[in-house]
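Could you walk me through how this protein model is put together? I would like a friendly tour with the cut-offs spelled out.

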Amino acid sequence: MHTYDVANVGAGPAGLSAALYAARYCRSTIVLHDWASRAARIPLTHNVPGFDAGIAGPDLLALMTRHAEKFGATLVEAHVDLVAKADGYFTLVDVQGVKWAARSVILATGLKLNQIPLEGDVHEAAIAHGVLRYCPVCDAFEHKDSRIAVLGCDLSGAAEALVLSGYSRDVTLLPRRDVELTDAELGNLERAGISLITESVSRYEPTTNEMVLHFGSNNNPLAFDVLYPALGCRPRSRLAAQLGLPLDKLGKVAATAPFGTDVPGLFCAGDVVDGLDQISVAMGHGAVAATKAHNWLRERDGDTAEAVLDHGRGDGDE
């Protein structure tokens with residue numbers, strides 16, 4: 001079995017950025033992925049520097065894939081089910097039992113969103129039409145002065161509604177089940193001009209230009225330009241846990257994981273890491289993780305030459 005210098009798990013912006021850097025460090029690099037990158041679902045993002053007209057998630061991933069492969073990274077479709085380390089080497093096993101070996105590993109496994117109850121094709125069509133969004137940081141600018149609904153009457157939902165109130169004066173907060181806010185938190189919403197509905201949504205009806213919400217005992221549905229569910233997420237951190245990495249209360253690995261972990265040779269990047277879940281952040285994580293992995297491998301091989309600098313000196317990055 002061939003042993004790679006670097007094995008990346010995940011082919012989103014973090015994993016592909018890491019693959020590019022590792023390959024350009026002349027490291028044998030493999031990317032194992034299951035086509036589950038959250039970026040692949042983005043119809044158009046305006047937060048990627050350099051793409052002022054926006055770029056679709058699949059198009060961005062295709063460009064990044066081509067870039068990484070051009071410099072020697074190998075991409076293989078595989079759902080990695082197990083990662084273990086023994087005798088200084090990592091073994092990665094997919095659900096079919098296929099194995100790979102690597103000297104270092106970068107976990108860029110991302111996260112999954114907790115979604116509203118819609119059929120898969122209906123849900124994705126709502127995202128494509130722009131009436132359903134999950135990330136105010138990504139998309140709020142495009143919904144200035146819109147009729148915005150936020151689902152989730154807990155502290156997270158209230159915080160999201162307050163952020164969105166900076167873009168529109170027409171923001172409504174909806175409970176998923178019960179209102180779980182204190183009087184002080186409710187006061188903050190009132191001062192921000194955010195409306196509060198206390199009855200739970202019974203049915204979601206997305207159209208091509210609005211999200212229509214139905215309520216159990218109310219025969220008068222409400223229509224909004226966009227709905228932002230604030231239902232949290234599930235980091236895909238199971239492989240990190242297998243290797244013994246501690247997880248925070250949200251299930252993410254430490255913010256320092258791109259720089260290294262307590263498991264020698266193991267690095268993490270992207271949305272599985274505690275921090276801001278953004279494409280540009282994930283790309284930076286990937287660059288850091290690959291550079292740290294490269295330097296770690298050099299040290300392991302007894303290379304006494306100066307490690308690759310990562311503080312602004314070199315290759316025109318000043």
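Here is a short report on a helix, the nonpolar cores and an open sheet.

This is a predicted model, in which local features need pLDDT of at least 70, side-chain atom pairs count only at pLDDT 80 or more, and totals for chains, interfaces and linings use all residues. Residues are numbered from 1 along each chain as its sequence is written, and side-chain values use heavy atoms, with hydrogens and water left out.

Let's start with helix α2, residues 57-70 (helices are DSSP runs of H or I, at least four residues; strands are runs of E, at least two; both numbered from the N terminus). Its buried residues (under 20% relative accessible area; exposed is over 50%, partly exposed in between; 1.4 Å probe, protein chains only) are Gly-57, Leu-60, Leu-61, Met-64 and Ala-68. They cover an arc of only 95 degrees around the axis (taken from the directions from the helix axis to the C-beta atoms), so they sit on the same side of α2. The face turned away carries the exposed Arg-66 and Lys-70.

The largest nonpolar core (buried Ala, Val, Leu, Ile, Met, Phe, Trp, Tyr and Cys joined through side-chain atoms within 4.5 Å) has 25 residues, with Leu-92 and Cys-268 among those with the most contacts inside it. β6 gives the most to this core, four residues.

Four strands form an open sheet, ordered β10-β9-β8-β14, with parallel pairing (at least two DSSP bridges between two strands). Its edge strands are these:

| Edge strand | Residues |
|---|---|
| β10 | 195-196 |
| β14 | 226-229 |

Within β10, Leu-196 is the bridge partner of Leu-173.

Notes. Expected span 1.5 Å × (residues − 1).
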